[in-house]
Amino acid sequence: MANPVKLTPARLKELQDEMAWMKGVREKEVADMIKEARSFGDLSENSEYDEAKDQQGKLYSREAEVQAILDNYELIDETAAGNDVVGIGCTVKVYDVEFEEELEYRMVGSQEADPMNGRISEESPFGKALLGKAVGDTAIVEAPEGDIEYKVLGITVN
């Protein structure tokens with residue numbers, strides 16, 4: 001069995017809501033699109049039918065993807081993270097030694113990662129380097145252009 005996907009309670013709810021919407025609303029919309037496109041006649045040259053079938057394929061693919069996550073997830077207990085070391089669910093403030101700037105990131109599971117918005121996965125090289133570090137520790141991130149050094153300035157539980 002594959003490793004479980006780590007999810008916060010908020011992300012789990014988002015995925016459950018998305019699945020309910022896909023099963024309850026979107027499947028009916030796509031079925032109606034196919035039904036309407038079939039009414040236009042010859043399916044061999046019917047672009048509406050092709051588009052509707054394409055939408056159906058994308059929908060079924062996304063449903064399978066979400067279901068696979070919902071069948072194999074581990075809920076992140078955000079209250080269990082302490083202020084002592086960096087862990088999933090906490091916010092960490094770091095100092096980039098090379099660029100002399102302070103940055104702040106939230107440690108999340110891979111399904112919620114969004115580095116451009118300050119959400120980094122525990123599976124990313126940066127996340128792996130930070131996990132388990134305490135305030136004052138240095139984290140070295142291996143990058144193609146060379147190692148990058150960060151100093152942990154603060155840890156807060158959200």
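Me: Buried means under 20% relative accessible area, exposed means over 50%, and partly exposed is in between (1.4 Å probe, protein chains only). Why is Lys13 called partly exposed?

Reply: Its relative accessibility is 48%. That value falls between 20% and 50%, so Lys13 counts as partly exposed. A word on the source: this is a predicted model, where local features need pLDDT of at least 70, side-chain atom pairs count only at pLDDT 80 or more, and totals for chains, interfaces and linings use all residues. Residues are numbered from 1 along each chain as its sequence is written, and side-chain values use heavy atoms, with hydrogens and water left out.

Me: What makes Lys13 and Asp17 a salt bridge?

Reply: A salt bridge needs a side-chain nitrogen of Lys or Arg within 4 Å of a carboxyl oxygen of Asp or Glu. Here the N to O distance is 2.9 Å. That is within 4 Å, so the pair qualifies. Both residues lie in helix α1, four residues apart, about one turn of the helix. Asp17 is partly exposed too, with a relative accessible area of 40%.

Me: How do you know that Asp32 forms a salt bridge with Lys28?

Reply: Their closest N and O atoms are 3.3 Å apart. The 4 Å limit is met, so this is a salt bridge. These two also sit in helix α1, four residues apart, which puts about one helical turn between them.

Me: Are Asp32 and Lys28 exposed or partly exposed, and what makes them so?

Reply: Asp32 has 38% relative accessibility and counts as partly exposed. Lys28 has 52%, which is over 50%, so Lys28 counts as exposed.

Me: What is α2, and what makes it a helix by name?

Reply: Helices are DSSP runs of H or I with at least four residues; strands are runs of E with at least two. Both are numbered from the N terminus. Helix α2 covers residues 47-71 and has 25 residues. That meets the minimum of four, so α2 fits the definition.

Me: How do you know that the span of α2 is close to the expected one?

Reply: The expected span is 1.5 Å times one less than the number of residues. For α2 the expected value is 36 Å, and the helix reaches 36 Å from its first C-alpha to its last.

Me: Which residues of α2 are buried, and what covers them?

Reply: They are Tyr49, Ala52, Gln56, Leu59, Glu63, Val66, Ile69 and Leu70. Their cover includes β1 (5-7), α1 (9-38) and β2 (73-75).

Me: Which salt bridge does Asp54 make?

Reply: Asp54 meets Lys58, at 3.4 Å from N to O. Salt bridges that share partners also join Glu18, Arg62 and Glu65 into one network. In total the structure holds 11 salt bridges.

Me: Why is the link between Asn46 and Glu48 a polar contact?

Reply: A polar contact is a pair of N or O atoms within 3.5 Å. Within protein, one must be able to donate a hydrogen and the other to accept it; residues adjacent in sequence count only if both atoms are side-chain atoms. At the start of α2, a side-chain oxygen of Asn46 reaches to within 3.1 Å of the backbone nitrogen of Glu48. The distance is under the limit, so the pair passes.

Me: What makes Ser121 buried?

Reply: Ser121, found in strand β5, has 6% relative accessibility. That is under 20%, so Ser121 counts as buried. Its side chain reaches the backbone nitrogen of Glu123 at 2.9 Å.

Me: What is Ser121 in contact with?

Reply: Contact means heavy atoms within 4.5 Å. Leaving aside neighbours within four places in sequence, Ser121 touches Val108, Gly109, Ser110, Ala113 and Gly127.

Me: Why do β3 and β4 count as paired strands?

Reply: Two strands pair if DSSP finds at least two bridges between them. β3 and β4 have six, in the antiparallel sense. Six meets the minimum of two, so they pair. Lys93 stands opposite Glu104 in β4.

Me: What is noted about the phi of Glu100?

Reply: Most residues other than glycine have a negative phi. Glu100 is not a glycine, yet its phi is positive, about 50 degrees. Glu100 is found in the loop between β3 (90-96) and β4 (101-108). At 62% relative accessibility, Glu100 counts as exposed.
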